[in-house]
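The paragraphs below lead through one structure, starting from a helix and moving outward from there. Keep the sequence and the 3D view at hand while reading.

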Amino acid sequence: MGRRALRDACPDCRTPVAIAVSLGAILAFGLLDTAFAQSADFRARARAPSQGGSARAVVLTRGERVSRTDEQRSQRPVVDTSKRPHDPLVAIVSIASQSIEVFGPDGSIHRSRVSTGQRGFETPTGVFSVLQRNRYHRSNIYSGAPMPYMQRLTWSGIALHEGHLPGFPASHGCIRMSGSFAQTMWALGRIGMRVIVSPRDVHPVAFNHAALPQPRLGAVGASAGPVRVASNTDTAAPADPMVAASPYLAAQARLAKATADKAAAEKAVKPAHDIAAEKSAESRQLAEALKASQAILADAEEHLEHESFGMSTVQTEAAEAEILARIRRAEAGVKAARDAHEQLRINERKVSDEAFAAAAAAREARQAVETAADELRLARRAVEPISVFVSRKTGRIHVRQGFGPLGDEPVTIVDPDRPIGTHVFTAIDQTGDGSGVRWVAVSVPTSGGETGKRKGERTSQEPAEASSAAEALGRITLPREITDLMAERLWPGASLIVSDYGLGETGQETDFVIVTR
């Protein structure tokens with residue numbers, strides 16, 4: 001409210017009484033608004049513990065894909081931390097026998113015929129995993145050709161899918177399966193399932209070696225469930241005793257806590273935002289009142305100046321006494337206006353500071369949601385099996401989990417110029433209490449198979465030159481940091497791959513892809 005508007009609304013605003021009444025109304029409005037603002041409140045399958053198993057068992061899974069829509073993420077059930085990880089599966093495709101065999105913790109599960117790539121379109125051999133699944137897929141390379149029950153192995157176009165089986169390699173590189181087996185594989189498979197394509201028949205064998213780590217038990221809360229957020233009415237937060245837990249259970253507990261923490265962080269955003277909005281509005285109102293108060297004070301001072309000027313024209317004692325009385329009243333009005341303005345300025349500064357703090361708290365609440373969301377993404381990835389790859393070609397060791405990289409560093413290999421072969425070591429099963437795992441190994445030959453062979457053609461065989469699985473491990477010195485990391489995240493499905501080759505199409509949203517031809 002400006003001076004002219006104030007005068008137009010109240011012709012007597014020059015009087016000290018009118019000034020005091022106007023300031024009182026402004027202060028009362030600010031105090032009432034302050035009181036009002038201060039009154040606002042703020043994890044398909046799970047196996048029973050194994051009692052033993054075949055020496056030719058294999059385990060490997062990567063669980064569901066890391067990339068999910070926000071809706072899928074929001075529909076994830078609360079994790080049951082008493083469950084074990086999914087039984088790992090591995091499919092081994094033999095180009096020599098044109099067959100596929102699937103292994104689980106108790107050995108071979110299914111075997112069937114396939115048709116791999118014909119001459120000129122050979123199916124690459126090596127170590128792969130399922131990257132994508134599509135029940136009704138059509139090729140984006142070969143004129144939209146149907147590829148039912150597609151389970152992708154490379155982003156460049158190699159996949160398992162239903163197709164015609166003529167009894168010899170006939171595809172353009174994919175692995176064709178019969179209709180019934182394609183459906184079986186669809187039911188068995190899942191994102192991350194290990195698929196090994198070998199030039200000839202190979203099988204997983206029970207394996208033990210001092211270089212292979214064992215799980216390291218960690219400490220989690222005895223409840224191992226979602227964390228309850230304490231409320232203002234809690235008199236004391238009950239202590240959750242810590243107990244030893246397997247790495248998988250610890251990862252599940254972390255996921256449960258991250259899920260609860262994100263929910264709590266999201267819940268705190270609206271109250272913090274509401275308080276910030278209320279304090280901001282209150283601060284604006286007081287700033288406007290302070291501006292009006294400044295105008296009133298200026299009017300009072302102008303009035304005092306006007307009254308004081310009258311002393312220069314006084315001629316009688318009576319007139320002098322009257323002017324002195326008017327000057328005293330004007331001085332009282334100035335003092336009242338100045339005192340009220342100063343109190344209003346103090347209130348405005350206080351509420352402005354509160355509004356700034358509330359805005360900062362709202363920003364922190366939103367940042368807490370982002371931090372909790374990042375932790376939840378990491379926790380979801382952390383319940384997937386860990387994969388470690390040692391490449392003789394690059395002399396480095398790489399670690400991935402949940403299709404995401406955890407790091408890589410140099411590795412020491414004895415006689416680095418001599419072939420070491422390609423060997424896949426998989427944690428097959430765990431003991432009942434999760435304190436140990438059984439390992440199996442698959443050594444993938446890099447020669448001696450058939451390349452685009454039609455029925456009746458001869459097989460070209462070449463002698464293997466590489467180390468055995470045990471010799472290969474004996475030639476490698478794993479960094480202490482890597483063995484510790486594996487021990488902390490080791491459960492069925494974890495794998496260690498050793499190869500003469502380097503990384504293939506290994507990027508975002510993939511496990512290790514090692515092409516041996």
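In this predicted model, helix α4 has four buried residues: Phe181, Ala182, Met185 and Leu188. How do these buried residues fall when seen down the axis of α4? They lie within an arc of 125°, so they line one face of the helix. The face turned away from that buried side carries Ser180 and Ala187, which are exposed.

The helix spans residues 179-188 and lies across seven strands: β1, β2, β3, β5, β6, β7 and β8. Relative to β6, α4 runs at about 35°.

These strands belong to an open sheet of ten, with mixed pairing. Its order is β5-β6-β7-β8-β3-β2-β1-β9-β4-β21. At the edges are β5, residues 132-138, and β21, residues 514-515, each of which pairs on one side only. Strands of a sheet pair through backbone hydrogen bonds, and the pairing is either parallel or antiparallel.

Part of this order can be followed strand by strand. Strands β6 and β7 run antiparallel and are joined by two bridges. Here Arg152 stands opposite Ala159 of β7. The two strands form a hairpin with six residues between them, and in this hairpin Gly157 takes a positive phi near 120°.

Next in the order comes β8. Is the pairing of β7 and β8 parallel or antiparallel? The two strands pair in the parallel sense, over three bridges. His161 has Arg176 of β8 as its bridge partner. Arg176 is also the bridge partner of Ser115. On that side, β8 (residues 175-177) is joined to β3 (residues 107-115) by two bridges, and these two strands run antiparallel.

The nonpolar cores come next. Which residues have the most contacts inside the largest one? They are Val390, Phe425, Trp439, Ile476, Leu496 and Val498, in a core of 27 residues. The elements giving two or more residues to this core are the strands β13, β14, β17, β18 and β20 and the helices α7 and α8. Ile476 shows how such contacts are spread along the sequence: leaving aside residues up to four places away, Ile476 touches Val390, Val411, Thr412, Ile413, Ile420 and Val498.

Apart from this core lies another, of 25 residues. Among its members are Val130, Leu153, Leu160 and Ala182. This leads back to the starting point, as Ala182 is one of the buried residues of α4.

Note on methods:
Residues numbered from 1 in each chain as written. Predicted model: local features only at pLDDT ≥ 70, side-chain atom pairs only at ≥ 80, totals over all residues. Heavy atoms only, no water. Pairing = 2+ DSSP bridges. Contact = heavy atoms within 4.5 Å. Axes fitted to C-alpha atoms, helices over the stretch in contact; angles between N-to-C directions. Core = buried A, V, L, I, M, F, W, Y, C linked by side-chain atoms within 4.5 Å. Buried < 20%, exposed > 50% of the residue type's maximum accessible area, 1.4 Å probe, protein only. Arc of directions from axis to C-beta.
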